[in-house]
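Got the viewer open? Here's a walk through the chain, one selection at a time.

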Amino acid sequence: MATLLLIAHAPLASAFAAVAAHVFPDFASRLRALDVEPAMGLEETEQAIRGAMAGGEAQEWLILCDVFGATPCNAALRVADGVRSRVVAGTNVPMLWRALCYADEPLERLVSRAVDGAIQGTMQVSAPRRLSQAAATKPHDSNSHHDQ
């Protein structure tokens, strides 16, 4: 059973945790959030992550970060061992919800589920205006590049 740790630029981690609690209130014990303030450096962020992961009964950790290459992710990569803790960057709400739904699965599978949730939850849901409206009432001209 994994515990999820959200690490993001403030106030995003807390906002993600609030969204998770809104939909999955019974999973509060499996979720921790760490907002990285603008003044926090890499070492301070790393120590905050270690503090957030200290204590408790968690055997495995899925660390969800907002942006690859930024301080929250870089600090998480320093802490994660790749065996009992894994880091996934690019957190979005579908990823978080999917991870919470499958938090009982082995860590390797949970990572895949979270990434699949992020990918499947990202889609264009409206067509560009030029595709959804009738073409202009001009005669057909191959140089006009009509889409319809």
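Before you click anything: helices (H or I, at least four residues) and strands (E, at least two) are DSSP runs, numbered from the N terminus. Heads-up that this is a predicted model, where local features need pLDDT of at least 70 and side-chain atom pairs count only at pLDDT 80 or more, while totals for chains, interfaces and linings use all residues. Residues are numbered from 1 along each chain as its sequence is written, and side-chain values use heavy atoms, with hydrogens and water left out.

**Whole chain**

Start with a cartoon view. You should find 6 helices and 4 strands, and walking along the sequence gives the pattern β-α-β-α-β-α-β-α-α-α. Of the 148 residues in the chain, 36% count as buried; buried means under 20% relative accessible area, exposed over 50%, and partly exposed in between (1.4 Å probe, protein chains only). As for contacts (heavy atoms within 4.5 Å), residues 24 or more positions apart account for 64% of those in the chain with a separation of 6 or more.

**Stop 1: A10 and P11**

Select A10 and P11 and check the bond between them. The peptide bond there is cis, with omega about 0°. P11 sits in the loop between β1 and α1. For context, most residues other than glycine have a negative phi, and most peptide bonds are trans.

**Stop 2: helix α1**

Now pick residues 12–23, which form α1. This helix has 12 residues and spans 17 Å from first C-alpha to last, close to the 16 Å expected at 1.5 Å a residue (the expected span is 1.5 Å times one less than the number of residues). Show side chains for A13, F16, A17 and A20, which are buried. They share a side of α1 because they cover an arc of only 100° around the axis, where the arc is that of the directions from the helix axis to the C-beta atoms. An α-helix has 3.6 residues a turn, so residues three or four places apart point the same way. What do the buried residues of α1 pack against? Add β1 (2–9), β2 (31–36) and α4 to the view, and you have the partners.

**Stop 3: helix α2 and G55**

Move to residues 42–53, helix α2. Its buried residues are T45, E46, I49, A52 and M53. Looking down the axis of α2, these fall within an arc of 125°, so they line one face of the helix. They pack against β1, β2, β3 (60–65), α3 (71–79) and β4 (85–89). Just after α2, click on G55, which takes a positive phi of about 70°.

**Stop 4: A76**

Is A76 buried or exposed? Zoom in on helix α3, where A76 is found: at 0% relative accessibility, A76 counts as buried. Leaving aside neighbours within four places in sequence, A76 is in contact with I7, I49, I63, C65 and V87. Try a distance label too: A76 and Q47 are 29 residues apart in sequence and 9.9 Å apart in space, C-alpha to C-alpha.

**Stop 5: α4 against α5**

Select 93–101 (α4) and 107–120 (α5), which pack at an angle of about 145° with their axes 7 Å apart. Here axes are lines fitted to C-alpha atoms, for helices over the stretch in contact, and angles run from 0 to 180 degrees between N-to-C directions. On the α4 side the contact is made by P94, M95, R98 and A99, and on the α5 side by L110, R113, A114, D116, G117, A118 and Q120.

In the loop between α4 and α5, pick Y102. At 29% relative accessibility, Y102 counts as partly exposed. Not counting residues up to four places away in sequence, Y102 touches L110 and R113. The C-alpha atoms of Y102 and R113, 11 residues apart along the chain, are separated by 7.3 Å.

**Stop 6: the two sides of α5**

Stay on α5 and color its buried residues: L107, L110, V111, R113, A114, G117 and A118. They lie on the same side of α5, covering an arc of only 165° around the axis. Their packing partners are β1, β3, β4 and α4.

Last click: I119, also found in helix α5. At 57% relative accessibility, I119 counts as exposed. The C-alpha atoms of I119 and N92 are separated by 9.4 Å, with their positions 27 residues apart along the chain.
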